[in-house]
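Here are my notes on this one, point by point. Have the viewer open while you read.

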Amino acid sequence: MLSRRIRAAVALLAAGMLLQIGQAAPGHAADGLISQGRPAIASSVEDATLTADKAVDGAATTRWASAEGADPQWIRVDLGGQATISRVRLSWEVAHAKAYRVQVSADGTSWTTLYSTSSGDGGVDDLSVSGSGRHVRVYGTARATPYGYSLWELEVYGKGGGDGGGSFVVAAAGDIAGTCDAGDGTACAHERTARLVESIDPVYVLTMGDNQYDDGRLSEYRSYYATTWGRFKHKTRPTPGNHEYYDPAGGAAGYKAYFGSVATPAGKTYYSFDHGNWHFVALDSEQSMSAGSAQVTWLKNDLARNTRGCVAAYWHHPLFNSGSKGYNPVSLPAWRALHAAGADLILNGHDHVYERFRPQDPDGRATPAGPLAVTAGLGGADTYTFEHEVHPNSLVRLTGLHGVLKLTLSDTGFSGQLVQDDGRVRDTIPATACH
């Protein structure tokens, strides 16, 4: 038999879904939902399945829940840029707030209150507000139940943020953390690149595998990666590499345990997400990528459902490579599916070098219709050398440095820079239109 709390939660969820269908805040018809899929963090979580991102995932069956029995607690979402905010909609679980504030901030430090109440009754609070900022926070000061605070959805409506016709920035790198930590200061390469990421302040951080050496154990992640790149774990969308699969606890066990559901949102190590007019696909090149594999079948279906105008994909092993690893056909079927769908950008790691190619098709023929591919395995691991014949479409090759790929993505295209850990720009990707 269902517990009283679960029965009540189901009833509230059903009511909330009906309200979502039948209720809209008047006067803001032109404003869009600008919080869905954005990076979110919280003061605490009840357990690893009830994380902050669940409140901004657009699903009415997943939720964030704070630790039980403690005040205050909060959840906040990064809108990706300055936004004008007109409406905040909160769909509470049974564990709702009696007293809370809705606040906005430009920098995530200084907060302005847009709405407050001390008589919250749960259900759905659909609030007309007026303010501007990049970050929105729900700050609970008094619980209505003995539990914590729990939201099925936190929805922010307005104009701007990372969407709304504007651009947004992501940072990307592969092959990141060795056996040093933040306490080693700038002597630790992945501490230097972590500081670089912090200065870039991207909406998302994309990792292209081999995030933690040597075996990707959970203990290694906690001792090393967590002290540097773990500082922006809440905005990281990772992929695994071969070193994650060396874990004696099982294939990518430490990786899955450290990143949690964000790395396996549908129970698989490959997934996709949207931001603005971009569709991002994270693949796992340690899992089969054969033409009839489950992963490539999923990829084709995912691309067929996509409604965004631009597509970026990333995984560990590059197809084209002039470095020490050479050409690797393991991802050729994925390349074919992405090219057929008009993908624009492919990012890889594995080889600890930087190599940028002109747009090409899966057979290596230069064509404007192909995706632009970049290998950027420079996140902190020891660098490699170029040992194979230079591919005819290879435009830029660099090694002997650590750095991060900074990508600026708009509704219609992208540009980028390879930024070295000392702040120097070592390569510039020219403005490129989406297909």
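1. A quick definition before the cavity talk: Ala, Val, Leu, Ile, Met, Phe, Trp, Tyr, Cys and Pro count as nonpolar, Asp, Glu, Lys and Arg as charged, and the others, Gly among them, as polar. On that scheme, the lining of the largest cavity splits into 6 nonpolar residues, 2 polar and no charged. Bear in mind throughout that this is a predicted model.

2. Which residues make up that lining? They are W64, Q73, W74, I75, W92, V138, G140 and Y149. Strand β4 (73-92) is the biggest contributor, with 4 residues, and β7 (124-143) also supplies at least two. The volume of the largest cavity is about 30 Å³, and the structure holds just 1 cavity of 30 Å³ or more.

3. Now the overall picture. The protein has 6 helices and 21 strands. Its radius of gyration is 22 Å, close to the 22 Å that the globule rule gives for 435 residues, so the protein is as compact as a globular protein of that length. Along the principal axes, the C-alpha atoms fill a box of roughly 70 × 45 × 45 Å.

4. On burial and contacts: 56% of the 435 residues count as buried. The accessible surface comes to about 16,600 Å², and carbon and sulfur atoms account for 51% of that. If you take the contacts between residues at least 6 apart in sequence, 74% of them join residues at least 24 apart.

5. The largest pocket is probably where you'll look next. About 640 Å³ of space lies in it. Its lining runs to 25 residues, with G37, V56, D57, S272 and F273 nearest the centre. Strand β12 (residues 271-275) gives the most to this lining, namely 5 residues. By class, the lining of the largest pocket has 9 nonpolar, 8 polar and 8 charged residues.

6. The second largest pocket has about 470 Å³ of space. T51, A52, D53, K233 and F259 are the closest to its centre, out of 21 lining residues. Both β2 (40-42) and α4 (253-259) supply at least two residues of this lining. Here the classes come out as 11 nonpolar, 6 polar and 4 charged.

7. While you're at α4, look at A253, which sits in that helix. Is A253 buried, partly exposed or exposed? A253 counts as partly exposed, because its relative accessibility is 25% and the partly exposed class runs between 20% and 50%. The C-alpha atom of A253 is separated by 7.4 Å from that of L218, 35 residues away along the chain.

8. The loop between β3 (64-65) and β4 deserves a look, with S66 in it. S66 counts as buried because its relative accessibility is 1%. Beyond its neighbours within four places in sequence, S66 is in contact with S44, V45, E46, Q73, G148 and Y149. Two of these, Q73 and Y149, also line the largest cavity. P72 lies in the loop between β3 and β4 as well, and a cis peptide bond joins D71 and P72, with omega about -10°.

9. Some backbone checks. Most residues other than glycine have a negative phi, and most peptide bonds are trans. The peptide bond from Y213 to D214 is cis, with omega near 0°; D214 lies in the loop between β10 (204-208) and α3 (218-223). D210 is in the loop between β10 and α3 too, and has a positive phi near 50°. At 2% relative accessibility, D210 counts as buried.

10. D201 is another non-glycine residue with a positive phi, near 55°. Its place is the loop between α2 (189-200) and β10. With a relative accessibility of 38%, D201 counts as partly exposed.

11. Last, helix α6 (residues 332-340). Which of its residues are buried? L332, A334, W335, A337 and L338 are. Their cover includes α5 (294-305), β14 (310-314), β15 (345-348) and β17 (372-376). Just after α6, G342 takes a positive phi of about 80°.

How values were computed: Residues are numbered from 1 along each chain as its sequence is written. This is a predicted model: local features need pLDDT of at least 70, side-chain atom pairs count only at pLDDT 80 or more; totals for chains, interfaces and linings use all residues. Side-chain values use heavy atoms; hydrogens and water are left out. On a 1 Å grid over the protein atoms alone, a cavity is a set of points where a 1.4 Å probe fits but cannot get out, and a pocket is an open set with protein on both sides within 12 Å along at least five of seven lines; lining residues have an atom within 4 Å of a point. Grid points are joined across faces, edges and corners, and a volume is the space filled by probe spheres set on the points. The radius of gyration is taken over C-alpha atoms; the globule rule is 2.2 Å times the number of residues to the power 0.38. Buried means under 20% relative accessible area, exposed over 50%, partly exposed in between (1.4 Å probe, protein chains only). Contact means heavy atoms within 4.5 Å. Accessible areas come from the Shrake-Rupley method with a 1.4 Å probe; for residues, only the protein chains shown count as cover.
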